[in-house]
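User: Could you take a close look at the aromatic ring pairs for me, and then set them in their surroundings? I would enjoy one connected account.

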Amino acid sequence: MQILSTLTLPALDHIFAVRPSSDLRRPLQGTESLLSSLADSFTKGSPSTLLGALESLKIRKSHRQVISNTFLKARVEPLLYGLLVAGGRLVSVVRPKKHSLHPGDLQLIFNMIFEADGVKAGGGESWIPICLPGFNNRGYLYMYVSFLDVQRDREADKSAEEMKKDDVVAIILISPNKESFYTLHEMRDSLVEQMEKNGSMEVLRAALEQGRPAPTDIVPGTVVRHFLYKSKANVQFTMSSYSPEFMSILDRRRLMSAYHSLHLSVHGKPANVKVQYCVSSSFNSLAWVTPTFELYCVASPNSNRNALSQGANKIAFWAQREQERLFIIGGAVF
């Protein structure tokens, strides 16, 4: 699908119709950085890829509504889709009433923007032709991307890559008109100006500074060390902070490996409500899948099974209670 976002389906069909043994390296020239970064990301493990969902930024419903209304007021005629992303997490989506964004297309956009080093240049602007197969696999749309550095104080030990992905706001404007770069650039300027005036930028700064919660912030004293929670209806997820136990690449890879095994085991059983408990030398883990949500939790290998189940119950209750803050419900339409 990521290749299809660069080469349309008719282009791929033509290439292989003319020469079935074609080497795609030449038509994909220039995407090496993206594909290499994606391969590296998949090796480390990606919650978004595993769950087939995007992570949303937790903010108040009223704040999200103000941001969406500001987005709609700044809209220009060539705009098809508009996305606001903070710290790699979705904040707002603006779309036409008759055209929703396919979750797979959103995943392609996020992969291209946040995994490609050339696009992630903080503070810069990019103009990218992209094929969104869920919208139309036979042609291109054009994507304007602008990164804003909203963090006032940075930690000195953060790498440039971490700062770009975790500390910036990305404005993504998509149009079918390949000549609309300057129009969308003006829309971006207007949107940023209005968000600064109405306090929305400060809301995003505060949310980024607060970061993701630890499991113990939600359930004091819980044995849960990390969790993933997916809302099926919204095709979005939320998760706890990697800090302090899963900050290294090796620890994060072990964590994601446990999630992959858990996900595979629970989805291999045909039932509406599924609960799977797994024990290994590294973690005790639990998966809970219902028609409305999926929850995956890990705890230390010597943790009590009942304590893990109780923690999972309380996290699920918290996520359902906070869903209007955790997830984008409905989005903004025009």
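Analyst: Happy to. Let us start with two phenylalanines: F246 and F283 are both buried. Please keep in mind that the model is predicted. They belong to a wider set, since a search of the whole structure turns up 10 aromatic pairs. One of these brings together W127 and F181, whose ring centres are 5.6 Å apart with the planes at 85°, so this pair is edge-to-face. W127 sits in strand β4 and F181 in helix α7 (residues 181–197), so their pairing ties together parts 54 residues apart in sequence. W127 has a relative accessibility of 27%, which makes W127 partly exposed, because that category covers the range between under 20% for buried and over 50% for exposed. Back to F246 and F283: here the centres are 6.0 Å apart and the planes meet at 45°, so the pair counts as tilted. This pair also links distant parts of the chain, with F246 in the loop between β8 (236–239) and α10 (249–266) and F283 in the loop between β9 (274–279) and β10 (284–289), 37 residues apart.

The W127–F181 contact has company, as ring pairs join W127, Y142, Y144, F181 and Y182 into a cluster. To see where W127 sits, follow its strand into the sheet. An open sheet of 6 strands with mixed pairing runs in the order β4-β5-β6-β2-β3-β12. β4 (125–130) and β12 (332–333) are at its edges with a single partner strand each, so one side of each has no neighbour in the sheet. At the β12 end, β3 (residues 89–95) and β12 are joined by 2 bridges in the parallel sense, and V94 stands opposite A332 of β12. Helix α8 (residues 200–210) lies across β2 (81–86), β3, β5 (141–149) and β6 (168–175), at about 45° to β2.

One cluster member, Y142, leads us to a serine. S175, in strand β6, touches Y142 along with P78, L80, L141, S180 and L184, leaving aside residues up to four places away in sequence. S175 is buried, with a relative accessible area of 0%. A polar atom of its side chain lies 2.8 Å from the backbone oxygen of P78.

The loops of F246 and F283 point us to the other sheet. Again 6 strands form an open sheet with mixed pairing, this time in the order β1-β8-β7-β11-β10-β9. β1 (54–55) and β9 are the edge strands, each pairing on one side only. β1 and β8 run parallel and are joined by 2 bridges, with L54 opposite Q236 of β8. Helix α10 lies across β7 (224–231), β9, β10 and β11 (293–299), and runs at about 135° to β11.

Finally, a step back to the whole chain. The protein chain has 12 helices and 12 strands, and 51% of its 334 residues count as buried. Of its contacts with a separation of 6 or more, 65% involve residues 24 or more positions apart. Its accessible surface comes to about 16,300 Å², with 50% belonging to carbon and sulfur atoms.

Definitions and conventions:
Residues are numbered from 1 along each chain as its sequence is written. This is a predicted model: local features need pLDDT of at least 70, side-chain atom pairs count only at pLDDT 80 or more; totals for chains, interfaces and linings use all residues. Side-chain values use heavy atoms; hydrogens and water are left out. Two strands pair if DSSP finds at least two bridges between them. Helices (H or I, at least four residues) and strands (E, at least two) are DSSP runs, numbered from the N terminus. Contact means heavy atoms within 4.5 Å. Axes are lines fitted to C-alpha atoms, for helices over the stretch in contact, and angles run from 0 to 180 degrees between N-to-C directions. Buried means under 20% relative accessible area, exposed over 50%, partly exposed in between (1.4 Å probe, protein chains only). A polar contact is a pair of N or O atoms within 3.5 Å; within protein, one must be able to donate a hydrogen and the other to accept it, and residues adjacent in sequence count only if both atoms are side-chain atoms. Accessible areas come from the Shrake-Rupley method with a 1.4 Å probe; for residues, only the protein chains shown count as cover. Rings of Phe, Tyr and Trp (its six-membered ring) pair if their centres lie within 6.5 Å; planes under 30 degrees apart count as stacked, over 60 as edge-to-face and the rest as tilted.
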